Protein chains: 2
Amino acid sequence: MKHGHKYSEEDILELLKEKKLSITGPRKLILKLLTAEHGPYTADEIFQKLPKGSCDKASIYRSLSQFVDKDIVQIAHLEKDVVHYEFNHPDDHHHHIVCRLCHKVEVIHDCGIERLERTLEKVGYTNVKHRLEMVGTCEKCNLNKNSRNG
Amino acid sequence: MKHGHKYSEEDILELLKEKKLSITGPRKLILKLLTAEHGPYTADEIFQKLPKGSCDKASIYRSLSQFVDKDIVQIAHLEKDVVHYEFNHPDDHHHHIVCRLCHKVEVIHDCGIERLERTLEKVGYTNVKHRLEMVGTCEKCNLNKNSRNG
DNA sequence: TATTTTTTGCAAATTAGTTGCAATTTCATC
DNA sequence: GATGAAATTGCAACTAATTTGCAAAAAATA
């Protein structure tokens, strides 16, 4: 799979083979959805978005869990107690900032944590990954707040 | 509350007042535990560590949730589907790296994300916070793995 | 101290996620 | 392409974490 273009059916099959996962209906459907849309989505949102009856919820959980193990999908904890899943585009490392009031999600590129990863590798860790989530109050919400109070 | 010393009963009362939370048995117990020990702990671990019968589990969840809202406690998602809570010492900003094999947790100081927070504040966000979690395979586990395979 | 407000403990409910299992599908080999 | 072993699925039952309703108790306020 080349970087920087949309994932075709072919690409998805190739990805599954590359990761030594057998090619099944549910897996294809889930990857098709996650590669085509930005997400991040909860397991339930994925279930809702797939054609009705095309895939059992248990299979979604099982597939997502395998995808995470194989680093095809990554988890984001954007809100307390809500697990979001997102396709891990190899050429699009990013994080999110969520507004604590309106819950708008924006993407952050260039997190600058690579340096920290290198440091950890120097002290013996291998294959270091990170998960970063940010919260703030966005400009719009700040304006609303001020206009309400004063 | 001055920085850099242990939290006394007094400090805990002061903290609760400062955050406009009424002073109750469960809240004092939970904060006493979380300020005294490193953690991070799950809600259930906190329950186990408190004197038997001293505090209902529902109250632990309710208190923790309020503490998080008030920024007294912070959440860490060290493992999938496990929520850990940790006292947010104002002078001890840190993160964790968890070994993906032995699950050993180490503390990371100096994460370098402050720069990113400043950038976000420049584009209109206020009160930006972050949550960073890292995973890697620790040196010991790498050695074990190699000695098993080769 | 009396009154109002908040919090608690308990039990029941909810929810996300997991599991056992028989039926089905995929894969590897012929 | 057929064949059998291995992996995966859908379903339903289950589990574990967290939440909720409510009456009693405790804390804050007047």
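Reader: How do the residues of the surface near DNA strand D divide into nonpolar, polar and charged?

Author: The model is a predicted one. Around DNA strand D there are 18 residues, and A:Thr24, A:Arg27, A:Ser59, B:Ile23 and B:Tyr61 come nearest. By class, the residues of this surface are eight nonpolar, five polar and five charged.

Reader: Which helices each supply at least two residues of that surface?

Author: Both chains contribute helices here. From chain B there is helix H4 (57-69), and from chain A there are helix H2 (25-36) and helix H4 (57-69).

Reader: Which side chain has an N or O atom 2.8 Å from a base nitrogen of DNA strand D?

Author: Of the strand's atoms within 4 Å of the protein, 74% belong to sugar or phosphate and the rest to bases. Phosphate oxygens lie 2.7 Å from an N or O atom in the side chain of A:Arg27 and 2.4 Å from one in the side chain of B:Tyr61. The base nitrogen is 2.8 Å from an N or O atom in the side chain of A:Arg62.

Reader: Are H2(A) and H4(A) roughly parallel or roughly perpendicular to each other?

Author: Their axes come within 10 Å and cross at roughly 65°. An angle of 65 to 115 degrees counts as roughly perpendicular. H2(A) and H4(A) are therefore roughly perpendicular.

Reader: How many nonpolar residues does the contact of H2(A) with H4(A) have?

Author: The crossing is right-handed. H2(A) brings A:Pro26, A:Arg27, A:Ile30, A:Leu31 and A:Leu34 to the contact, while the residues from H4(A) include A:Ile60, A:Leu64 and A:Phe67. Three residues of the contact are polar and one is charged, and the nonpolar ones number seven.

Conventions:
Residues are numbered from 1 along each chain as its sequence is written. Chains are lettered from A and ligands numbered from 1 in the order in which they are written. This is a predicted model: local features need pLDDT of at least 70, side-chain atom pairs count only at pLDDT 80 or more; totals for chains, interfaces and linings use all residues. Side-chain values use heavy atoms; hydrogens and water are left out. A residue is near a molecule or strand if one of its heavy atoms lies within 4 Å of it. A polar contact is a pair of N or O atoms within 3.5 Å; within protein, one must be able to donate a hydrogen and the other to accept it, and residues adjacent in sequence count only if both atoms are side-chain atoms. Helices (H or I, at least four residues) and strands (E, at least two) are DSSP runs, numbered from the N terminus. Ala, Val, Leu, Ile, Met, Phe, Trp, Tyr, Cys and Pro count as nonpolar, Asp, Glu, Lys and Arg as charged, and the others, Gly among them, as polar. Axes are lines fitted to C-alpha atoms, for helices over the stretch in contact, and angles run from 0 to 180 degrees between N-to-C directions. Angles under 35 degrees count as roughly parallel, over 145 as roughly antiparallel, 65 to 115 as roughly perpendicular and the rest as oblique. A crossing is left-handed if the near helix is turned anticlockwise from the far one by less than a right angle, and right-handed if clockwise. Contact means heavy atoms within 4.5 Å.
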